[in-house]
Amino acid sequence: IDQLLAEGVAGKRVFVRADLNVPLAGTAITDDGRIRAVLPTVAKLAEAGARVVVASHLGRPKGAPDPAFSLAPAAARLGELLGTEVAFAADTVGDSARSVVAGLADGQVAVIENLRFNPGETSKDDAERAAFADQLASLADVYVGDGFGAVHRKHASVYDLPARLPHAAGYLIAGEVGVLKKLTDDAKRPYAVVLGGAKVSDKLGVIDHLLEKADRILIGGGMAYTFLKAQGHEVGASLLQEDQIPVVREYLERAGKKGVEFVLPVDVLVAAAFPDLKTKAPAHPTAVAVDAIPAGQMGLDIGPESRKLYASKLADTATVFWNGPMGVFEHPDYAEGTKAVAQALVDSPAFTVVGGGDSAAAVRTLGFDENAFGHISTGGGASLEYLEGKTLPGLAALED
Ligand code: 3PG
């Protein structure tokens, strides 16, 4: 982007593909981290006199307009954060978008509606994506990719559009890649990785890859129960991916041979039912050892002994990557495990990277100062796939 700015963008229509996929409660944004993350790029372009067209997806609408997934709240918040008026187009490539973009003066910013309201955005059909990318290209003279959270998606605005316009990477993408590159190329040892979240199947690629790189892998969240079951524990009504047990067993064996330490919970908080996240009514969980999970009860967070264990396993590390909460942190009775890991990262002298929409939101909503971490990535799937060593379509498209 610096090269682009040096060449001059005044009067040019610059399409910024951002990731404004923020968590919403109705129309209220509960964590605006992803909007703040793209501000440097948008502000710099506007200051330089560009006519900035910001575009993003939000959620997973079904290829048609759906008010529940409108980007209007994100556009309003972007305007507040920039301290200027931000125009909003009620469609992506229709009359509204065309007239809003045509009406931009130099230095003004507009947001167009959710890209996924158009089926061409996410289509697996190359021609359908190309047709949508052509329409998007007609709205702009230059493309800046800065939606790091979406670079692992082969979508029209991420992958096909940059090929149609002069293009550059924005500050967010450049910064994210700089940090993640450090983790893949020369992470200082000991290197610990903390993985949580619901599904072990989402993390298999990254575990496979990290078995070659990391010294220690700490597992929490819903995915821990598949590991516990693979070790022979009964997990009651906890989340379990039965079909993944053989894969997990193979990882545990490989880790043993390679001297990579797997750290699993020694105790968990259990209850008979999933907590009510709306009312946050007290859930009255019980802490039990992992070999004593009662039938019919489900594990919803790591327990107090595990919290101590995980903190001690993180205290003497030099690099930590963390993706995924340790429990159902949205409910106060199950937030302590995630808080303990966040606190251990804050207390550790290690270079700490928090990756993932959920863990980043958890850190902020649980009241931690984001500056206390080395880096908080805006990408969940994107940062995991980067660490897996995969080619990410949105980065490949900007590289040539
Ligand atoms: C994310 O939240 O990880 C990104 O915004 C990508 O969203 P997606 O998983 O719906 O493609």
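1. Helices (H or I, at least four residues) and strands (E, at least two) are DSSP runs, numbered from the N terminus. Residues are numbered from 1 along each chain as its sequence is written. The model is predicted: local features need pLDDT of at least 70 and side-chain atom pairs count only at pLDDT 80 or more, while totals for chains, interfaces and linings use all residues.

2. An unreviewed UniProt entry lists a "binding site" made up of Asp 19, Leu 20, Asn 21, Arg 34, His 57, Leu 58, Gly 59, Arg 60, Arg 116 and Arg 153. UniProt positions are given in the numbering used here, feature names are shortened, and annotations may be inferred rather than shown by experiment.

3. His 57, from that list, sits in the loop between β4 (51-55) and α3 (72-82). A residue is called buried if 20 or more other C-beta atoms lie within 10 Å of its own, exposed if 12 or fewer, and partly exposed in between, with C-beta atoms placed from the backbone. His 57 is buried because 26 other C-beta atoms lie within 10 Å. Leaving aside residues up to four places away in sequence, His 57 touches Asn 21, Asn 114, Leu 115, Arg 116, Glu 121 and Ala 150; contact means that the C-beta atoms of two residues, placed from the backbone, lie within 7 Å.

4. Arg 116 belongs to the loop between β6 (109-112) and α5 (126-137). Arg 116 counts as buried because it has 26 C-beta neighbours inside 10 Å. Its contacts, again not counting residues up to four places away in sequence, are His 57, Arg 60, Pro 61, Gly 63, Glu 121 and Thr 122.

5. What surrounds the ligand? The residues around it are Asp 19, Asn 21, Arg 60, Gly 149, Ala 150, Arg 153, Gly 357, Gly 380 and Gly 381, where the criterion is a C-beta atom, placed from the backbone, within 6 Å. This shell divides into one nonpolar, five polar and three charged residues. In that scheme Ala, Val, Leu, Ile, Met, Phe, Trp, Tyr, Cys and Pro count as nonpolar, Asp, Glu, Lys and Arg as charged, and the others, Gly among them, as polar.

6. Is β4 enclosed or open? Five of the five residues of β4 are buried, so the strand is largely enclosed by the rest of the structure. Arg 51, Val 53 and Ala 55 cover one side, and Val 52 and Val 54 the other, all of them buried. Strand β1 (residues 13-17) runs parallel to β4 and is joined to it by five bridges; strands pair if DSSP finds at least two bridges between them. Phe 15 has Val 53 as its bridge partner in β4. β4 also pairs with β6 in the parallel sense, over three bridges, and there Val 53 stands opposite Ala 110.

7. A second UniProt "binding site" annotation, also from an unreviewed entry, covers Lys 203, Gly 299, Glu 330, Gly 356, Gly 357, Asp 358 and Ser 359. These positions are spread over 157 residues of sequence and also in space, up to 22.6 Å between C-alpha atoms.

8. Two residues of this annotation, Glu 330 and Gly 357, can be placed in more detail. Glu 330 is in the loop between β15 (319-323) and α12 (336-347), and counts as partly exposed because it has 18 C-beta neighbours inside 10 Å. Gly 357 lies in helix α13 (residues 357-365) and is buried, with 23 other C-beta atoms within 10 Å. Gly 357 touches Gly 149 and Gly 380, not counting residues up to four places away in sequence.
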